[in-house]
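Hi,

Here is the structure I promised to pass on. Have a look at it first, and then read on for what I found.

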Amino acid sequence: MSVTWRRSLSCAPPDPPQDRMPFAGLLTVACLLLTTGCTGDDLPKKAESAAAAAPTAPVLAYVESNVLMVADRSGQTRRLTTMQDVPVQLLWSPDGSRIVWLNEGKDSNSRSDRLSLVDVASGATTVQPCPCSGLGFLGNDVATLSADGAAMLLFPSTGDPVRVPLQPSSTTGAWLAAGGRDHVMIAQPLDEGVAEVRATSAWLTADRSGKVATIAGPKDRISAHEALASPAGDRIAWLDLPSSGACWHSQRIVDIGYDGGRPVDPKEPDDPPMRAAHLPYQRTVLSYSWAGRGVVQTFAPVAGCQPFYPTRLVSYYREGDRWTFLGTGLLAIAFGGEGRRVRLVPTDNLKAVQEDGRSGVSGRLVFRSSNGTELTLTESARYAMFAPAEAAMATVGVHPATTSSSAAPGASTTDMRGRPLNSMLSALVSKVWQAAAANDTEALTSLCRKCDVGTLAWLREQETPAQILLLLRTHPEASEWSLVYPSLAARRCVDSPDHDYTCTAEQIADIALLNLKEDVNLDDPGNVYKVPAHSALLFQLDTNGAPVWAGRYSAESGK
């Protein structure tokens with residue numbers, strides 16, 4: 001299996017989004033990478049057989065700083081080459097013998113102009129001039145598209161490059177999105193007047209003779225940003241990013257077979273982890289990779305537009321329309337054969353990812369071998385990719401280190417910033433929780449001895465104990481003398497970074513728990529959330545320092 005991340009827009013259709021960097025399972029993706037000046041120091045000069053079955057043959061490649069590294073099945077690593085350019089994307093050849101990439105263009109509107117190919121056994125690197133668009137493998141030949149869209153360019157492992165005219169030719173702006181066993185996939189930008197939607201493409205397949213066929217057109221409204229071929233080379237998965245405002249898009253992974261048929265595009269999961277991440281309208285795919293016949297993907301907030309917290313990074317495996325939850329808090333996860341897998345774990349507070357999206361992704365790369373041993377390969381991996389044979393053998397299960405807690409819910413023990421609560425007030429909150437859990441109206445009334453008449457009447461309603469339990473699971477606004485459950489009754493929060501009232505991780509969890517709907521405030525850059533004061537609970541210390549339940553919160557009672 002391979003894993004890549006894509007950074008540049010040089011191979012994208014007109015007006016693409018600005019960060020591309022997938023964590024890809026098998027990497028036959030959509031952009032070329034060309035680099036110069038690579039070396040193969042400290043590497044065996046005799047190529048082993050390209051057969052990846054040898055126990056010491058590399059199964060994983062990753063980038064640490066500007067060094068391309070490889071690891072074998074046991075996690076033993078060696079340096080392969082130094083990369084002088086920032087790669088747009090890395091790809092393994094299907095037979096595991098080569099790794100290729102394109103350089104980043106000089107700016108967001110420039111195409112790549114150099115293609116680098118590294119022999120995995122020897123580390124020998126060749127650099128080809130290539131003013132081209134998109135990258136993939138057609139069989140074991142590197143494939144790309146000429147800048148004018150008129151021809152496919154093939155780079156076999158031996159011999160000279162071959163130019164194959166396309167019949168009919170595509171137009172300027174087209175790019176080779178992914179390779180395959182017998183075909184490549186080309187994204188052909190559509191005129192907005194024809195598609196009736198901005199920045200959409202048609203999917204065209206091309207075989208080795210250059211014969212082109214359309215398998216998805218204007219009615220499919222494909223907004224492909226990048227694509228990856230499956231390990232078998234018979235399908236592609238692509239990152240779909242419908243045109244919208246800078247902060248108001250919802251990305252997803254769609255897949256389709258080279259033999260046509262309808263794109264597989266199921267609704268995103270709606271389970272507790274996804275709801276807790278609270279990504280209903282704004283969502284990016286931070287990483288994705290093929291694993292067997294399905295796609296592993298990690299959803300995240302929109303960089304620069306929403307705050308990033310570990311609980312908002314949610315990973316799943318999808319095969320067809322079936323979702324399997326894998327865990328939270330990872331930048332990426334990918335699977336190989338015989339139980340091997342890699343996880344990219346954040347090593348900081350996610351600030352770089354929050355600001356720069358995928359181009360800011362870097363973390364601890366943890367490799368798990370087939371015997372269950374875990375090794376940290378590096379503290380600062382930027383790209384990682386399993387070889388195609390690994391991706392083909394991958395089986396996916398829930399990773400025990402990243403599953404969500406199954407502990408029974410209870411009253412929150414921390415405030416809206418994750419700080420511990422006043423011990424006396426917390427002890428009183430526990431008593432109220434116990435009374436509500438027991439549906440003991442008399443105990444609740446006794447504990448709320450300073451409540452007003454309206455609150456006492458509310459306590460006698462049948463639904464009240466359940467409402468109290470829900471509110472006490474949220475995170476309170478805490479002062480030296482009071483707790484307000486939830487904090488969102490005392491102050492609003494905004495789902496936008498670097499704001500005076502940016503939602504904390506705890507408030508994001510509360511928004512999901514309470515199923516709050518966003519409010520609109522033109523003065524705030526993101527969605528605003530607030531709970532009516534009468535739907536909150538107030539606990540405070542009286543003038544003697546004794547904890548009391550003051551009933552329901554109000555703006556006046558909070559003063």
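Before the hairpin further down, one convention: two strands pair if DSSP finds at least two bridges between them. Also keep in mind that this is a predicted model.

With that in hand, start at strand 12 (residues 175-178), which pairs with strand 13 in the antiparallel sense over three bridges. The two form a hairpin, with four residues between them. If you want a landmark there, tryptophan 175 stands opposite alanine 187 in strand 13. On its other pairing, strand 13 runs antiparallel to strand 14, this time over seven bridges. Methionine 185 has threonine 205 in strand 14 as its bridge partner. Is strand 13 enclosed or open? Six of its seven residues (the strand covers 183-189) are buried, so strand 13 is largely enclosed by the rest of the structure.

Strand 14 also leads to the aromatic residues. How many aromatic pairs are there? The count comes to seven. One of them is tryptophan 203 with tryptophan 238: the ring centres are 5.2 Å apart and the planes are at 70°, so this pair is edge-to-face. The cut-off behind that label is a plane angle over 60 degrees. Tryptophan 203 belongs to strand 14 (residues 201-207) and tryptophan 238 to strand 17 (residues 235-240), so the pair ties together parts that are 35 residues apart in sequence. Both tryptophan 203 and tryptophan 238 are buried.

Another pair worth a click is phenylalanine 299 with tryptophan 323, which is tilted, with 6.1 Å from centre to centre and 50° between the planes. Here the phenylalanine is in strand 21 (residues 294-300) and the tryptophan in strand 23 (residues 322-328), so the pair ties together parts that are 24 residues apart in sequence. Phenylalanine 299 has 0% relative accessibility and counts as buried, whereas tryptophan 323, at 22%, counts as partly exposed. Buried means under 20% here, so the value of 22% puts tryptophan 323 outside that class.

These two rings have company: Phe299, Tyr316, Trp323 and Phe325 form one aromatic cluster. There are charges over two of its rings as well. Arginine 283 lies over the face of phenylalanine 299, at 5.8 Å from the ring centre. Arginine 318 has its charged end over the ring of tryptophan 323, 5.8 Å from the centre of that ring.

Now for a sheet elsewhere in the model. Seven strands make up an open, antiparallel sheet in the order 3-2-1-27-26-25-24. Which strands stand at the edges? Strand 3 (77-82) and strand 24 (332-335) do, each with a single partner strand, so one side of each is left without a neighbour in the sheet. On average, neighbouring strands in this sheet are turned by 40° against each other, direction ignored. Within the sheet, strand 26 (residues 363-368) and strand 27 (residues 374-386) pair in the antiparallel sense over five bridges. Glycine 363 is the residue opposite alanine 381 in strand 27.

Finally, the overall figures. The protein has nine helices and 33 strands, and 55% of its 559 residues are buried. Among contacts with a separation of 6 or more, 58% are between residues 24 or more positions apart. The accessible surface comes to about 22,000 Å², with 50% of it belonging to carbon and sulfur atoms.

Cheers

How values were computed: Residues numbered from 1 in each chain as written. Predicted model: local features only at pLDDT ≥ 70, side-chain atom pairs only at ≥ 80, totals over all residues. Heavy atoms only, no water. Phe/Tyr/Trp six-rings, centres within 6.5 Å; stacked < 30°, edge-to-face > 60°. Buried < 20%, exposed > 50% of the residue type's maximum accessible area, 1.4 Å probe, protein only. Lys NZ or Arg CZ within 6 Å of the ring centre and 35° of its normal. Contact = heavy atoms within 4.5 Å. Areas by Shrake-Rupley, 256 points an atom, 1.4 Å probe, with all protein chains shown as cover. Axes fitted to C-alpha atoms, helices over the stretch in contact; angles between N-to-C directions.
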